[in-house]
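Here's a quick tour of the aromatic contacts and the empty spaces in this model. Have the viewer open while you read.

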Amino acid sequence: MDGEYDLLHHGDREVGDGLVDLAVNVRLPEPPEWLRRELAACLADLAAYPDAGRAIEAIAARHGRDPADVLPTAGAAEAFTLLATAFGARNAAVVHPQFTEPEAALRAAGHRVRRAQLSAADGFVLKPDAVPADAGLVFVGNPTNPTSVLHPAATLRQLCAPGRLLVVDEAFLDAVPGEPESLAPQRLPGVVVVRSLTKTWGIAGLRAGYVLAEPEVIARLRAVQPPWSVSTPAAVAMVACSSPRAVEESSRLAGAGERDLAALVSGLRELGVEVAGAPRAPFVLVRVPDGARVRLALREAGYAVRRGDTFPGLDGDWFRIAVRHDMSGFLAALCDLL
C-alpha cells in the first residue's frame, strides 16, 4: 500500500462462495477442452526443466515478430517486476487510473513513481501532455483496466521519445475484435508491449504472458528473470494459444464479448448509471452515488464486483463490472438498489 491506495488489491479478493463473479476479468470459467488436452499431455514431462523455446517461436509467429523480440513470462505481472528491476531507475510515470501492478512493482523495487492522472470528465481519454516530459519509463494500459478505454495507436506513439521506454499493457486487447490500435505487430524503438493469455483462455492459475520489445530490451529483462520462471504447462499453453486456430477462436470470442458488452452498457444506461468513457474491453467502469454501499449490497444480493477506490484517481463511488453473457439478473439486482 502506498499510504493512499491499496495497490496490491485485485479482483480475486472480491469473490466468495456463492457469489456470481463479476469482479475478475478472466473471461472463461475454465480452459477450453482442446487446451485442457494439451495441458494434460504435458504432465508426463514435468520431471524435466522447462524450455520456453517453442513458446518463443510460436509467439513470434503469431505477431509477425522476430524471436529475439519475445520474452515469455509468468503472467503479465512478472513482466512488470522485470521492467521495474531492469529499468526502474529511469524516472518512472504511470498513467492512471489503470492496473496497479506496474506501480506496485516499481515501488517494491524502491523507485519513486509519478502519476499521470486522466480525468473522468473527458472519459479517461489519454492526453500525451499528461505524462511528464522527463519521464524515462512510462506505463499505460490499452485497453486500460479499469476504465475499458481503448487509446489510439497514434496517441500512444506521441508518447515515444529518445531515451524513453514506453510500456503498453495490452493484456485485454485480444478481447477487442480485430485487435485495433495494437503496437504488438511491429518493432518500434523504445516500445515494450506486454500481453497476457490468462484472461481469454481461463488460465489465470497457470500464469502465462509475454513481452514484445527490441532485442536489447528483451536481453536486459531476461538477465533479471529468475531461471525457469515459465513452467512447462505455461509454455505449452503459450504454444497452443498462439496457433492460428486459437487466434481465430479468440476472434470469435471477442465478437461475442463485444455484443455482450454492448448489451450491458445499454442496460446500465437505461438504469441511469454513469458508465465511464467508451468501453471496449470485457469490463465496464461505473460510478453511482454511495457506490460503496451499493457494492456491498450487491454482495448481499449474490454479485461480486470490483471496488474502484484502490485505483489511483478513483473513489468509493466507482466499481468495475466484468462482462458476462447474460447480465439480466445483475441488472435487476442493481436496479433494486438504486
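## Rings and hollows

Phe-80, Phe-99 and Phe-139 come together as one aromatic cluster. Keep in mind that this is a predicted model. In total, the structure has seven aromatic pairs. One of them joins Phe-80 and Phe-139, edge-to-face, with 6.1 Å centre to centre and 70° between the planes. Phe-80 belongs to helix α3 (residues 75-87) and Phe-139 to strand β5 (residues 137-141), so this pair ties together parts that sit 59 residues apart in sequence.

Are these two rings buried or exposed? Phe-80 has 1% relative accessibility, so it counts as buried, the cut-off being under 20%. Phe-139 also comes out at 1% and counts as buried.

Next up is the pair of Phe-124 and Trp-318, which is edge-to-face too, at 5.7 Å centre to centre and 65° between the planes. This one links distant parts of the chain: Phe-124 is in the loop between β4 (113-117) and β5, while Trp-318 is in strand β12 (residues 318-322), 194 residues apart. Both Phe-124 and Trp-318 are buried.

There's a charge-over-ring contact to look at as well. The charged end of Arg-320 sits over the ring of Phe-283, and its distance from the ring centre is 5.8 Å.

Now for the spaces, side by side:

| Space | Volume | Nonpolar lining | Polar lining | Charged lining |
|---|---|---|---|---|
| Largest pocket | about 450 Å³ | 11 residues | six residues | seven residues |
| Second largest pocket | about 370 Å³ | 10 residues | three residues | five residues |
| Largest cavity | about 60 Å³ | six residues | two residues | three residues |

Start with the largest pocket. Its lining takes in 24 residues, and the ones nearest its centre are His-10, Gly-11, Phe-99, Lys-199 and Arg-207. You've met Phe-99 already, as a member of the aromatic cluster with Phe-80 and Phe-139. Two elements, α3 and α6 (198-201), give two or more residues to this lining. The largest share is three residues, and it comes from α3. Which domains does the lining draw on? Domain 1 (11-29 + 247-336) and domain 2 (33-244) each supply at least three residues.

The second largest pocket is lined by 18 residues, with Arg-27, Gly-257, Asp-260, Val-323 and Arg-324 closest to its centre. Here helix α9 (residues 244-270) gives the most to the lining, with six residues.

And how many cavities of 30 Å³ or more are there? The count is one. Its lining is made up of Arg-62, Asp-174, Arg-195, Ser-196, Leu-197, Trp-201, Tyr-210, Cys-241, Ala-246, Val-247 and Ser-250. Both β7 (191-196) and α9 supply at least two residues of this lining. Helix α9 gives the most, with three residues.

If you want to step through the views, try this order. Begin at the Phe-80 and Phe-139 pair, edge-to-face at 6.1 Å, and carry on to Phe-99, the other member of their cluster. Phe-99 is also one of the residues nearest the centre of the largest pocket. From there, follow helix α9, which gives six residues to the lining of the second largest pocket and three to the lining of the largest cavity.

Methods: Residues are numbered from 1 along each chain as its sequence is written. This is a predicted model: local features need pLDDT of at least 70, side-chain atom pairs count only at pLDDT 80 or more; totals for chains, interfaces and linings use all residues. Side-chain values use heavy atoms; hydrogens and water are left out. Rings of Phe, Tyr and Trp (its six-membered ring) pair if their centres lie within 6.5 Å; planes under 30 degrees apart count as stacked, over 60 as edge-to-face and the rest as tilted. Helices (H or I, at least four residues) and strands (E, at least two) are DSSP runs, numbered from the N terminus. Buried means under 20% relative accessible area, exposed over 50%, partly exposed in between (1.4 Å probe, protein chains only). A charge sits over a ring if NZ of Lys or CZ of Arg is within 6 Å of the ring centre and within 35 degrees of the ring normal. On a 1 Å grid over the protein atoms alone, a cavity is a set of points where a 1.4 Å probe fits but cannot get out, and a pocket is an open set with protein on both sides within 12 Å along at least five of seven lines; lining residues have an atom within 4 Å of a point. Grid points are joined across faces, edges and corners, and a volume is the space filled by probe spheres set on the points. Ala, Val, Leu, Ile, Met, Phe, Trp, Tyr, Cys and Pro count as nonpolar, Asp, Glu, Lys and Arg as charged, and the others, Gly among them, as polar. Domain bounds come from an automatic or database domain assignment.
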